[in-house]
Amino acid sequence: MAYVALHMKYSVLQVESILFKTASRNIIPNWEGGQYEGDDATRFEALRLAMELGVDYVDIELKVADKFISFISGSKPDKCKLIVSSHNYQSTPSCEELADLVARIQAVGADIVKIATTATDIVDVSRMFQVMVHCQVPMIGLVMSEKGLMSRVLSPKFGGYLTFGTIDATKLSASGQPTIEELLDIYNIRHIGPDTKVLGLIANPVKQSKSPILHNKCLQSVGYNAVYLPLLADDLARFLSTYSSPDFSGFSCSLPFKVDAVQCCHEHDPIAKSIGAINTIIRRPDGKLVGYNTDYIGAISAIEDGIGGPGSKDAAVSPLSGRLVVVVGAGGAGKAIAYGAKEKGARVVVANRTYEKAVSLAAAVGGHALRLAELETFRPEEGMILANATSLGMYPNVDGTPIPKKALSFYDVVFDVVYAPKVTRLLREAEESGVKVVSGVEMFVRQAMGQFERFTGIEAPESLMREIAAKYT
Ligand code: SKM
């Protein structure tokens, strides 16, 4: 058996002893989108045998449910529940179509309705939630693909009968399936219920992020009833207007949405407004979205501590004061660092692939703009500080770097916002060139502390955060 179903009311041991389906996706027939090419007679026999051997559930597709029910003709033991399922590997239909499907599945005599659709956009999952909360019979509603992950983790919140987790991450029975370990240890699924608040990182891509593991472990440590999800979105405004209930109470926001987030929020913290980028969104009880920027303090304090020596961050004068800071990237993170460097009295140079964006950010902080190619020879003075605020070098494109290695020796300190991997190509080459480096992990932890406090109103457990960041980055 390649996966087990996690029944909300069962203990782990009980769950693992349930033979839920005779195999994985390869027993779903090819006409239902699976890989099973055999005949129904053989499959029906296997399911009947499983029933006789005492399984708790059998799962049969709606298209052949009538045929299967006549085949077993009243011989189903009382304890065995019949799940009747429908799979859609292309899309998620409208609420009306889903409700109609529920009614058709109920009509054939299912004990449990199961519908698995596919998310082409994360907002598709909301339709499954709507149908699940209104369903009068036990229902399993799952939305496949990475964009559908929410449907699997939030199943207990929206009244789902059970959810699926794979035992082995390399053997998924459907796309987007988390592992049992992730469901239990990271998402703490046994504690998710109707009142659980939903937090998460809205980004694209999002898989590389360590925020879910970091925030979930910290939420658990303080006993706060919330779960933090990776939210792979295509459009920030569409996401926020779809998941607009008070329970969707806070979000981190990363590439490529930090600048769009400014338009999406009703109110802004003054610093976030001046920066023009937001990495934290809080939904107030009145429904209004308020935007903050915790990147700024996270990055700048990490760089100040990294520079060290006299004039450290606690001194009246920042160690950045009077220094030349070269910021590569003019997106959300670039804006936060350029703004912060200027606030600390540094002179700022901005280099960016799209030169016009470098010009506009440089103008906003009273600095100068460079083309990316100019970094190779740019050396107006000694003691410069380089901050990479692009995603170059981030998983999976770990070979990327914003500047040729030979130019790194022009700098005293090199900082990278990328923290996955912990040692990026930029940081490795800087170290090889004898330059002091400041890891993105420092900024990651510090910006997350600010977010955690806004999400929960509770002081962030800093040492636990550092422990988790050290273990998982
Ligand atoms: O600003 C942060 C964001 O809050 C979380 C994050 C991540 O999880 O990778 C990266 C940064 O953009």
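According to an unreviewed UniProt entry, residues 318-378 carry the annotation "domain: Quinate/shikimate 5-dehydrogenase/glutamyl-tRNA reductase". UniProt positions follow the numbering used here, feature names are shortened, and annotations may be inferred rather than shown by experiment. Keep in mind that this is a predicted model, where local features need pLDDT of at least 70, side-chain atom pairs count only at pLDDT 80 or more, and totals for chains, interfaces and linings use all residues. Residues are numbered from 1 along each chain as its sequence is written, and side-chain values use heavy atoms, with hydrogens and water left out.

The same unreviewed entry type gives two further domain annotations: "Shikimate dehydrogenase substrate binding N-terminal" for residues 201-281, and "SDH C-terminal" for residues 440-467. Here is how the three stretches are built; helices (H or I, at least four residues) and strands (E, at least two) are DSSP runs, numbered from the N terminus.

| Residues | Helix | Strand | Distance between end C-alpha atoms |
|---|---|---|---|
| 201-281 | 37% | 25% | 10 Å |
| 318-378 | 36% | 25% | 24 Å |
| 440-467 | 82% | 0% | 15 Å |

Now for the ligand. Which residues are around the ligand? They are L201, S209, S211, S252, S254, K258, N279, D295, Y419, F444, Q447 and Q451, counted when one of their heavy atoms lies within 4 Å of the ligand. This shell divides into three nonpolar, seven polar and two charged residues. For that split, Ala, Val, Leu, Ile, Met, Phe, Trp, Tyr, Cys and Pro count as nonpolar, Asp, Glu, Lys and Arg as charged, and the others, Gly among them, as polar. Helix α16 (residues 440-456) gives the most to the shell, with three residues.

Look at the side chains too. S209 has an N or O atom 2.5 Å from a ligand oxygen, and S211 has one at 2.5 Å from a ligand oxygen as well. For D295, a polar side-chain atom lies 2.7 Å from an oxygen of the ligand. Taken alone, the ligand exposes 310 Å², and the protein buries 91% of that (areas by the Shrake-Rupley method with a 1.4 Å probe).

Finally, some backbone oddities. Most residues other than glycine have a negative phi, and most peptide bonds are trans. The bond from L255 to P256 is cis, with omega near 0 degrees, and P256 is in the loop between β9 (248-253) and α10 (260-264). Another cis bond runs from A420 to P421, with omega near 10 degrees. S145 is not a glycine, yet has a positive phi of about 90 degrees.

Notes. A polar contact is a pair of N or O atoms within 3.5 Å; within protein, one must be able to donate a hydrogen and the other to accept it, and residues adjacent in sequence count only if both atoms are side-chain atoms.
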